[in-house]
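Student: I'm new to this one. Can we go through its sheets together, and can you tell me how each label is earned?

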Amino acid sequence: VLNFRGCDGVLVENCGLYGCGILGVQADVCRDVTVKKCEIYECSYGGISIGNSSGVKIENCSFRDLGGDALNFYECKDVIVDGQQVSGNSRLSY
């Protein structure tokens, strides 16, 4: 639904992202990406996929009826999900 590439200071907040896209939020080569208080549902490949990025924060998001993982991070640095540091190379399902 939303795709960011080479961006700094991305904020996605209070959105309902419905599966008309392959992923709810996708970002690559970005800095300071925050997704919070969003409902992401019925996306074919998953909820949020972020790669080659730093300063990623995911807060209070809900995921349902996804075709893949809720969260997918690859080659990322400084990733926080709901206040907890997670690996920059991880997949999380809810």
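Tutor: Sure. In this predicted model, five strands make an open sheet in the order E2-E5-E8-E11-E12, and the pairing is mixed.

Student: What makes E2 and E12 edge strands?

Tutor: Count their partners. Strand E2 (8-13) and strand E12 (84-86) each have a single partner strand, so one side of each has no neighbour in the sheet. As for the twist in this sheet, it averages 15 degrees from one strand to the next.

Student: How do you know that E8 and E11 really pair?

Tutor: The cut-off is at least two bridges between the strands. Strand E8 (residues 54-59) and strand E11 (residues 77-81) have four bridges, in the parallel sense. With four bridges set against a cut-off of at least two, they count as a pair. You can look for Lys-57, which stands opposite Ile-80 in E11.

Student: And which strands form the parallel open sheet?

Tutor: Three strands, in the order E3-E6-E9. Its edges are strand E3 (16-18) and strand E9 (62-64), since each pairs on one side only. Neighbouring strands here are turned by 10 degrees against each other on average, ignoring direction.

Student: What makes E3 and E6 a pair?

Tutor: Same kind of check. E3 and strand E6 (residues 39-41) share three bridges in the parallel sense, and the rule asks for at least two. That makes them a pair, with three bridges. Within it, Leu-17 stands opposite Ile-40 in E6.

Terms used: Residues are numbered from 1 along each chain as its sequence is written. This is a predicted model: local features need pLDDT of at least 70, side-chain atom pairs count only at pLDDT 80 or more; totals for chains, interfaces and linings use all residues. Side-chain values use heavy atoms; hydrogens and water are left out. Helices (H or I, at least four residues) and strands (E, at least two) are DSSP runs, numbered from the N terminus. Axes are lines fitted to C-alpha atoms, for helices over the stretch in contact, and angles run from 0 to 180 degrees between N-to-C directions.
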